[in-house]
Amino acid sequence: MFDFENFLKQIAQMDVSDIHLRVNEIPVVRKNGEIIKTNIPPLSRTDIDMIVDIVFPPDKKGQLDGISDFDFLYEVPYVARFRVNYAKSKQEPMLVFRIVPYEIPTFKDKNLPNVLQSLCEQQSGLVLITGPTGCGKSTTLASMLGYINKNFAKHIITLEDPIEFLHKNDKSIFSQRQINSDTDDYPKALKYALRQDPDIILIGEIRDRETARNALSAAETGHLVFSTLHTTDTVQTINRIVNLFEPHEREQVREQLSDILRATISQKLLKTVSNNSRVPAFEILIVTPTIKDYIKKDNLEDIYTLIKEGKYSDMITFNMYLYSLVKNNQISKKTTHEASENDTELLQMFKGTYHHTKRNY
């Protein structure tokens, strides 16, 4: 019989991010962004059923036959927490485990730029962290809340599906609420969060119009709101929020966003030169008076120009950040070309024919 818990304990010590378990397949893991096969024999349907029986929430086991997709948390005490996705492939169950460490990472641990620290010091508004699945959005937000917790006396409410990082009260106090367990859904949780005396609200993800509407309202009424979106750059993030709404609502939403949006931060995780870890790369948009005006007027393309010109010290494009990482010997030029959305511009930077303000991040 597959020794599942011992397997998790070993994997949690190997700097692995994800574990994939499927019927009649070798267990595989993701490390530094790459899928790696283990030396464990293929798992049988009996093995998978045994694992499901161990990890599945007791109150959901009776509904297992009717569940096709489900997210939940599983914990091995003193080892790690695991965000688990249960799904089916070819009518067979499969499980994907995302490892969530107990320790809250610091800015230094994760090579985060200093501008994120200043965003943590905002009193109100909306801050969005974006990027593809697995790029480290949850870790970045955990670091930001960890910084606030160590430095400020705030009441922080987190609304997550499921709860990932566990925060212990320091200077701040936390109310961590899990969707479908502590509350029904994001819109209802947000509605009632405003009556729970919060200073800061973390929304795990803005998935729909109602959640977006409530997030905007929370930021508009004097709270600092953090959330995530699956977008690939800072300006696209603004479009995504606006386009969640009906056409007749969008002008008003742009007006709201221009007033309450503080920043959008897009990120990717890239292999380091040593190839044994990953480092984040960022595109950072800070909402200045000029950008506020551009959002109102829907002149989003002009925002790219402002970021590229580097007139504002806290803003940077992905290409500028990639250039900085190469100059600091953190990533290779090959890695930057694989990650860049505008390779021609990046080549100009390395040749010295592209003029921009050079800064260290």
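Which residue of S11 is the bridge partner of Ile201? The answer appears in the first of the close-up views below, all of which show a predicted model.

**View 1. Strands S10 and S11 of the open sheet.** In this predicted model, the bridge partner of Ile201 in S11 is Val225. The two strands concerned, S10 (residues 200-203) and S11 (residues 224-229), run parallel and are joined by 4 bridges. Both belong to an open sheet of 7 strands with mixed pairing, in which the order is S9-S8-S10-S11-S7-S12-S13. Strand S9 (173-178) and strand S13 (278-286) are the edge strands, each of them pairing on one side only. On average, and with direction ignored, neighbouring strands of this sheet are turned by 15 degrees against each other.

**View 2. Helix H7 against the sheet.** Helix H7, which comprises residues 234-243, lies across strand S7 (125-130), S11, strand S12 (261-271) and S13. With respect to S12, helix H7 runs at about 125 degrees.

**View 3. Phe226 within the largest nonpolar core.** The largest nonpolar core has 76 residues, and those with the most contacts inside this core are Phe226 and Leu257. When neighbours within four places in sequence are left aside, the residues in contact with Phe226 include Leu119, Cys120, Val127, Leu141, Met144, Leu145 and Ile148, and also Ile200, Ile201, Leu202 and Ile203. Another core, of 30 residues, lies apart from the largest one and has Ile11, Ile48, Phe56 and Leu95 among its members.

**View 4. The aromatic pair of Phe56 and Phe72.** The model contains 13 aromatic pairs, one of which is formed by Phe56 and Phe72 in an edge-to-face arrangement, with 5.0 Å centre to centre and 65 degrees between the planes. This pair links distant parts of the chain, since Phe56 is in the loop between helix H2 (45-55) and strand S4 (70-76), whereas Phe72 is in strand S4 and the two are 16 residues apart. Both Phe56 and Phe72 are buried.

**View 5. An aromatic cluster.** One aromatic cluster is formed by Phe2, Phe4, Phe7, Tyr74, Phe82 and Phe97.

**View 6. Lysine charges over phenylalanine rings.** The ring of Phe318 has the charged end of Lys268 sitting over it, at 5.0 Å from the ring centre. In a further example, the charged end of Lys333 sits over the ring of Phe350, at 4.8 Å from the centre of that ring.

Conventions. Residues are numbered from 1 along each chain as its sequence is written. This is a predicted model: local features need pLDDT of at least 70, side-chain atom pairs count only at pLDDT 80 or more; totals for chains, interfaces and linings use all residues. Side-chain values use heavy atoms; hydrogens and water are left out. A nonpolar core is a set of buried Ala, Val, Leu, Ile, Met, Phe, Trp, Tyr and Cys residues joined through side-chain atoms within 4.5 Å. Buried means under 20% relative accessible area, exposed over 50%, partly exposed in between (1.4 Å probe, protein chains only). Contact means heavy atoms within 4.5 Å. Two strands pair if DSSP finds at least two bridges between them. Axes are lines fitted to C-alpha atoms, for helices over the stretch in contact, and angles run from 0 to 180 degrees between N-to-C directions. Rings of Phe, Tyr and Trp (its six-membered ring) pair if their centres lie within 6.5 Å; planes under 30 degrees apart count as stacked, over 60 as edge-to-face and the rest as tilted. A charge sits over a ring if NZ of Lys or CZ of Arg is within 6 Å of the ring centre and within 35 degrees of the ring normal.
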